[in-house]
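Me: Here is a model I would like to go through with you, asking how each label is earned.

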Amino acid sequence: MQSLEDNQKHLEARICAACTAAGRPRADVTLIGVSKTKPIAAVKAAAALGITDLGENYLDEAVTKIEACAELGLTWHFIGRIQSNKTRTIAQHFDWVHTIDRYKIAQRLNDQCPPDKTLNVLVQVNIDADPAKGGASTDGVQALINSITALPKLRVRGLMTILARDTDPGAGYRSMAQLFEQLRLELDSQHQPLWDTLSMGMTADLEQAIAAGSTHIRIGTALFGARDT
Ligand SMILES: *Cc1c(COP(=O)(O)O)cnc(C)c1O
């Protein structure tokens, strides 16, 4: 088994090469370490290596890790499917929510957000219209974003996607980037200073995502190894 440090070195080399190939500075791309199924010790080890952003899908294990790592000043991203009865816990513990695909969820997160914080949110787009996945349709995304803007506790920063296994990642991520830029022009001008986040790319396809313009890659396996069961 590779050490976390070796994995990080190899991963950093991939990210840097992809940025160079795309003519983008490394600082344009935030690495989110996806620590689902991994123990608290793995998160602490990643933090010690300078990883500041962590992603989690499953709420119960996430809360345990977030509480155990509270003194480390990490930024936590919720990247899993959202059940409406879990919005309060998400709003309390996370800094970012990537997987909003309907107004009702956004409204609950807004209403349940603690008084001293605002939540950064992304709208998940089902860019390849995969019936097995969540995500707003490309047709519905603009109206959804405009309605979220009216919620004072949420800051809608951009878009997120997960591609189906059989979608070509280059084409899928380029479609996302096009939609992201089109929305930048079409959204109310009050959005614009914060319309800065495109969350896409995982272990298998981070190169295609960075080439297309991803600002946040979500990496589990290449960093932490195969998931624990
Ligand atoms: C698990 C997961 C990842 C990380 O996947 P890897 O292929 O292990 O890098 C990224 N994004 C989401 C939404 C995930 O559920």
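Reply: Happy to; what follows deals with the pocket and the ligand.
This is a predicted model, where local features need pLDDT of at least 70, side-chain atom pairs count only at pLDDT 80 or more, and totals for chains, interfaces and linings use all residues. Residues are numbered from 1 along each chain as its sequence is written, and side-chain values use heavy atoms, with hydrogens and water left out.

Me: What makes Lys133 and Arg218 part of the lining of the largest pocket?
Reply: A lining residue has an atom within 4 Å of a grid point of the pocket. The lining has 30 residues, and Lys133, Ile162, Leu163, Met202 and Arg218 lie nearest the centre.

Me: How do you know where the ligand sits?
Reply: A molecule sits in a pocket if more than half of its atoms lie within 2 Å of its grid points. The ligand takes up the space of the largest pocket.

Me: Why is the pair between Thr203 and the ligand called a polar contact?
Reply: The term asks for a pair of N or O atoms within 3.5 Å. A polar side-chain atom of Thr203 is 2.6 Å from a ligand oxygen atom, so the pair qualifies. Lys36 also places a polar side-chain atom 2.7 Å from a ligand oxygen, and a polar backbone atom of Gly220 is 2.8 Å from one.

Definitions and conventions
1 Å grid on protein atoms, 1.4 Å probe; cavity = no way out; pocket = protein on both sides within 12 Å on 5 of 7 lines; lining within 4 Å. Polar contact = N/O pair within 3.5 Å; in protein donor to acceptor, adjacent residues only side chain to side chain.
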